[in-house]
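Here are a few exercises to work through with the model open beside you. Try each task before you read its solution.

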Amino acid sequence: MNIPRRVNIVEVGPRDGLQNEKTVLTPVQRADLAMRLAGCGLRRIEAGSFVAEKMVPQMAGGGEVFARLKNNGAARFSALVPNMRGLEDALRAGVGEVAVFAAASETFSQKNINCSIAESVQRFAQVARAAHANGVAVRGYVSCIAGCPYEGGVKTAAVADLTARLVDIGCGEVSLGDTIGVGTVPVVQKVVAAAAKMVDASQLAVHFHDTHGQALVNIRAALEAGVATVDSAVAGLGGCPFAPGAAGNAATEDVVYMLRGMDVATGVDLQPLVDTAWHVSRLLKRAPASRTARAMAALTHAGTAAT
Ligand code: HMG
Ligand code: MG
């Protein structure tokens, strides 16, 4: 078994986590959340998106969010952009990394970004060229890797081909997204193996929504398959307005707890992360979805099993 000794966590809570919440946080609160997460040792944080306000009002004011993040040296803050307009706004806001987002399902692509998969790749190629010309790194997402909320099954070959296309157009990394959280270990093994035949496994990340409680075990399966970058969201926040019924992302504190137990380094401090999970959950008026945040609040003597 070949688990990496170090895993890079991409914290998506301020973006994926907040984009689907009924309680809308202000840009000041969102920037504060991102800064708290940076203070926990997270080095890659997706802090917002530059998308149409009428589609995702929760992410409005991205420029103001990023303006408040500028002076942090250690963490890299990224933003989701769907088109050139989004990139231009992101560049104006001084964003250092952007993420484009495609889907392996035609219907999801239409519902999410109002264009076909092929059109989206064309758009993203232009975005990636312009981003690189401005010294900005580009990440790609492939959504619906294990299933689509509208079409059901998705072909593994479609996921692998799209992953390769995104790398071809200049994405330095592609995150494989189980948008609705339907994947199980055999599916993850198959999809990651197929994608890793097309691009180097070091260029892959995984992004699991936890709808069926499979996120942690799926992360472990991906690590065993050679992936070393994992997306997660503080407090298990997350969801997509265009993927009805999907639960939040794998919770960052659950991921960190699991990896610490496996002696895998993440550079993240668990206690301040749990405090941050409770902080954002209070703003959203509910308890964190994550087991670790709730357990660490309840247990006064947190031990581990006898050796
Ligand atoms: P469209 O309607 O085809 O775009 O939407 P358009 O070019 O015709 O423009 C329509 C209006 O939007 C215009 O304004 C534009 O100015 C404006 P109006 O004239 O009506 O006042 N507009 C913009 N405004 C701000 N920023 C922009 C922008 N572009 C156009 N960048 C578009 C196409 C892609 C813009 C739209 O469908 C959209 O914004 N979709 C957002 C989708 C989204 O954010 N989804 C959630 C994130 S994806 C996700 O969560 C999955 C992920 O986590 C991975 C996983 O879990 O699998 C990443
Ligand atoms: Mg997501």
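**Exercise 1. Find which residues have the most contacts inside the largest nonpolar core, and which helix gives the most to this core**.

Step 1: the term. A nonpolar core is a set of buried Ala, Val, Leu, Ile, Met, Phe, Trp, Tyr and Cys residues joined through side-chain atoms within 4.5 Å. Buried means under 20% relative accessible area, with exposed over 50% and partly exposed in between (1.4 Å probe, protein chains only).

Step 2: the core. The largest one holds 103 residues, and those with the most contacts inside it are F66, F77, V98, V142, L176, L273 and V280. Helix α6 (residues 117-133) gives the most, with eight residues; helices here are DSSP runs of H or I, at least four residues, and strands are runs of E, at least two, numbered from the N terminus.

Step 3: zoom in on V98. Skipping neighbours within four places in sequence, its contacts (heavy atoms within 4.5 Å) include A79, V81, L87 and A131.

A word on ground rules: this is a predicted model, where local features need pLDDT of at least 70, side-chain atom pairs count only at pLDDT 80 or more, and totals for chains, interfaces and linings use all residues. Residues are numbered from 1 along each chain as its sequence is written, chains are lettered from A and ligands numbered from 1 in the order in which they are written, and side-chain values use heavy atoms, with hydrogens and water left out.

**Exercise 2. Work out which residues coordinate the magnesium ion (ligand 2), and whether H207 is buried or exposed**.

Step 1: the donors (N, O and S atoms within 2.8 Å of the metal, or 3.2 Å for Na, K and Ca; water is not among the atoms, so sites may look incomplete). They come from D16 (OD), H207 (NE2) and H209 (NE2), at 2.0 to 2.3 Å.

Step 2: the spacing. Along the chain it reads D-x190-H-x1-H.

Step 3: burial. H207 has 4% relative accessibility, so it counts as buried. H209 is buried too, at 5%.

Step 4: the other ligand. A polar side-chain atom of H207 also sits 3.0 Å from an oxygen atom of ligand 1.

**Exercise 3. Find which side chains make polar contacts with the side chain of E173**.

Step 1: place E173. Look in strand β6 (residues 173-178). E173 is buried, at 10% relative accessible area.

Step 2: the partners. The E173 side chain makes a polar contact with that of R44 at 3.0 Å, and another of 2.7 Å joins the side chains of E173 and R139. A polar contact is a pair of N or O atoms within 3.5 Å; within protein, one must be able to donate a hydrogen and the other to accept it, and residues adjacent in sequence count only if both atoms are side-chain atoms.
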